[in-house]
Amino acid sequence: MISAVIPTHHGAARLARNLGSVVASLAASGEPWEIVVVDDGGGDPYELPAGARLLRSDRNRGYGPAVNAGVEAALGEYLLVLNDDVRLEAACVSRLRGRLEERSLFAVVPAIRSLLAACGDEGGKVGVWRAGMIDL
């Protein structure tokens with residue numbers, strides 16, 4: 001199973017715009033899936049599709065703790081951690097999942113295509129294993 005974990009804080013509008021593409025990409029993978037949305041203290045009303053569930057925190061703990069709460073609640077063997085403003089192309093999850101068949105890989109990331117990525121503000125990073133740590 002693939003578990004998509006999406007932390008959010010006052011992100012109902014962003015999720016409404018983007019969650020459909022996440023559902024479509026997960027469904028196109030042909031694998032069982034779930035979506036875990038973590039409301040990090042925002043308290044917004046959310047309309048979530050079938051296959052998604054909501055975890056709520058009574059206060060804003062920050063991105064890392066929200067992701068950790070979602071991962072702890074996730075049922076899947078594979079994790080897909082996304083921001084609430086991410087749209088996925090239909091084949092994205094299938095491509096990412098296919099790469100994980102290579103035994104030497106422990107993680108994969110999609111390409112980020114935006115004007116910000118073109119100027120180096122996001123995306124375009126490569127991780128290299130050095131001295132027991134990942135160096136970007």
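This is a stop-by-stop tour of a predicted model.

**Whole chain**

Show the protein as a cartoon. Its 136 residues include 32% that count as buried. Four helices and six strands make up the secondary structure. From start to end, the elements follow the pattern β-α-β-β-α-β-α-α-β-β. Take the contacts between residues at least 6 apart in sequence: 55% of them join residues at least 24 apart.

**The sheet**

Next, select the open sheet. It holds four strands in the order 3-2-1-4, and the pairing is parallel. Which strands stand at the edges? They are strand 3 (52-57) and strand 4 (78-81). Each has a single partner strand, so one side of each has no neighbour in the sheet. On average, neighbouring strands here are turned by 20° against each other, ignoring direction.

Strands of a sheet pair through backbone hydrogen bonds. To look at one pairing, select residues 2-8 and 33-40. These are strand 1 and strand 2, which run parallel and are joined by seven bridges. Pick out two positions along the pair. Ile2 has Trp33 as its bridge partner in strand 2. Pro7 stands opposite Val38, also in strand 2.

Stay on strand 2 and colour by burial. Seven of its eight residues are buried, so strand 2 is largely enclosed by the rest of the structure.

**Helix 2, on the sheet**

Now select residues 63-73. This is helix 2, which packs on the sheet and touches strand 1, strand 2, strand 3 and strand 4. Its direction makes about 150° with that of strand 1.

Which residues of helix 2 are buried? Show Ala66, Val67 and Gly70: these are buried. Look down the helix axis. The buried residues fall within an arc of 100°, so they line one face of the helix. An α-helix has 3.6 residues a turn, so residues three or four places apart point the same way. The cover over the buried residues of helix 2 includes strand 1, strand 2, strand 3 and strand 4. Turn to the face pointing away from the buried side. There you find the exposed residues Asn68 and Glu72.

**The nonpolar core**

Hide the cartoon and show side chains. The largest nonpolar core has 17 residues. Select Val22, Leu26, Ile35, Leu80 and Leu88, which have the most contacts inside this core. Elements giving two or more residues to the core are strand 1, helix 1 (12-28), strand 2 and helix 3 (92-99). Helix 1 gives the largest share, five residues.

Centre on Leu88. Setting aside neighbours within four places in sequence, what is Leu88 in contact with? The list is Ser21, Val22, Ser25, Leu80, Leu82 and Val93. Of these, Val22 and Leu80 are also among the core residues with the most contacts.

**Last stop: Ser29**

Go to the loop between helix 1 and strand 2 and select Ser29. Buried or exposed? Ser29 has a relative accessible area of 16%, and buried means under 20%, so this serine counts as buried. Draw a distance from the polar side-chain atom of Ser29 to the backbone nitrogen of Glu31: the two lie 3.2 Å apart. Then show what else touches Ser29. Leaving aside neighbours within four places in sequence, Ser29 is in contact with Ile2, Val93 and Ser94. Two of these names have come up before: Ile2 is the bridge partner of Trp33, and Val93 is in contact with Leu88.

Conventions:
Residues numbered from 1 in each chain as written. Predicted model: local features only at pLDDT ≥ 70, side-chain atom pairs only at ≥ 80, totals over all residues. Heavy atoms only, no water. Pairing = 2+ DSSP bridges. Axes fitted to C-alpha atoms, helices over the stretch in contact; angles between N-to-C directions. Contact = heavy atoms within 4.5 Å. Buried < 20%, exposed > 50% of the residue type's maximum accessible area, 1.4 Å probe, protein only. Arc of directions from axis to C-beta. Core = buried A, V, L, I, M, F, W, Y, C linked by side-chain atoms within 4.5 Å. Polar contact = N/O pair within 3.5 Å; in protein donor to acceptor, adjacent residues only side chain to side chain.
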